[in-house]
Amino acid sequence: KHVFPDLSSKGSYNSATHVYTGNDVKMVIEYARLRGIRVIPEFDTPGHTLSWGPGVPGLLTPCYISTKPSGTYGPVNPILNSTYQFMASFFAEVSSIFPDFYLHLGGDEVDFFCWWSNPDIQAFMQKMKFGQDYAKLESFYIQRLLDIVASYKKGYMVWQEVFDNGVKVNPNTVIHVWKGNFQQEMSRVTKAGFRALLSSPWYLNIISYGQDWLEAYRVEPLAFEGSTEQKKLVIGGEACMWGEYVDATNLTPRLWPRAGAVAERLWSNKTVRNQEDAYERLSDFRCTLLRHLLSGFCSILTTFLTMPVQ
């Protein structure tokens with residue numbers, strides 16, 4: 001029984017077909033465990049939370065036009081004690097369900113306009129002497145959230161904005177680098193002593209004409225200015241697939257075999273650079289995937305053809 005069932009029943013696209021049940025989550029975690037894969041969930045706040053609003057009244061910031069509420073909502077409201085009470089209960093459940101040491105806490109792409117429009121938040125900003133620097137307000141929220149999660153003896157990953165804004169984080173924090181000019185960011189993150197995870201050059205939801213796997217394959221994650229000790233702090237990378245224009249109909253052809261190019265770059269020595277060799281391996285992998293796809297299609301077709309006529 002979930003602590004906040006309304007989060008999914010009121011916030012999901014379809015609460016019958018587009019949610020992960022408790023059993024679904026357990027099955028994914030166990031399936032992964034048997035294959036040596038760690039499942040690390042991301043619950044991104046304070047931005048990207050519009051769908052949380054219907055299930056948790058009062059969590060999101062009311063936006064204003066002039067002196068009146070506009071009827072729309074922005075990021076999580078960082079000035080209310082009830083926000084942190086909710087987060088404490090929410091992440092207590094999350095921490096009990098997901099066994100991995102790490103949680104991904106997000107912290108990216110926070111739109112400050114709604115905070116700026118809200119008179120209660122403006123008054124709080126003055127009280128805290130934040131001026132008009134809403135990054136300080138974001139840092140105030142993130143800091144309290146990190147303290148909550150750390151109290152459950154969990155480590156955390158955060159998007160690079162948290163580091164860029166100077167939020168005080170635990171030494172074992174992993175900084176997730178996703179913006180352009182990643183070489184400079186990787187240099188800064190590792191110089192500060194934090195481990196880094198790289199995603200900037202590997203957004204598979206962004207497609208281009210032709211064989212764009214080559215761009216992913218040519219990336220060298222350690223090609224940034226820094227010492228040998230800094231390079232050791234780069235623990236890996238992540239190929240991202242965001243869902244704005246992706247669903248079940250086009251997920252597979254966007255992921256594969258392009259994700260294979262990212263995987264080979266991450267598990268290969270930097271001297272492994274022969275693109276023709278890589279092309280042969282990816283072509284073979286593509287053929288394997290097609291055989292599985294056609295085999296499954298043929299099985300379905302055979303079942304259909306052998307069904308008795310009613």
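These legends walk you through four views of a predicted protein model. Residues are numbered from 1 along the chain as its sequence is written, and side-chain values use heavy atoms, leaving out hydrogens and water. Because the model is predicted, local features need pLDDT of at least 70 and side-chain atom pairs count only at pLDDT 80 or more, while totals for chains, interfaces and linings use all residues.

**View 1. The whole chain.** Here you meet 13 helices and seven strands (DSSP runs of H or I with at least four residues, and of E with at least two, numbered from the N terminus). The C-alpha atoms fill a box of roughly 65 × 65 × 40 Å along the principal axes. Of the 310 residues, 39% are buried (under 20% relative accessible area, with a 1.4 Å probe and protein chains only).

**View 2. The annotated domain.** An unreviewed UniProt entry labels residues 4–269 "domain: Glycoside hydrolase family 20 catalytic"; such annotations may be inferred rather than shown by experiment. This stretch is 40% helix and 13% strand, and its end C-alpha atoms lie 46 Å apart.

**View 3. Helix H12, mostly covered.** In H12 (residues 258–267), seven of the ten residues are buried. Among them are Arg258, Val262 and Glu264.

**View 4. A negative patch at the surface.** Glu276, Asp277, Glu280 and Asp284 form this patch (residues with over 30% relative accessible area and no salt bridge, like charges being joined within 9 Å; a salt bridge is a side-chain nitrogen of Lys or Arg within 4 Å of a carboxyl oxygen of Asp or Glu). Look for Glu276 in helix H13, residues 275–305. Glu276 is exposed, at 63% relative accessible area (exposed means over 50%).

How values were computed
Patch = residues over 30% accessible without salt bridge, like charges linked within 9 Å, V, L, I, M, F, W, Y side chains within 5 Å. Areas by Shrake-Rupley, 256 points an atom, 1.4 Å probe, with all protein chains shown as cover. Lys, Arg positive; Asp, Glu negative; His and termini not counted. Charge placed at Lys NZ, Arg CZ, Asp CG, Glu CD.
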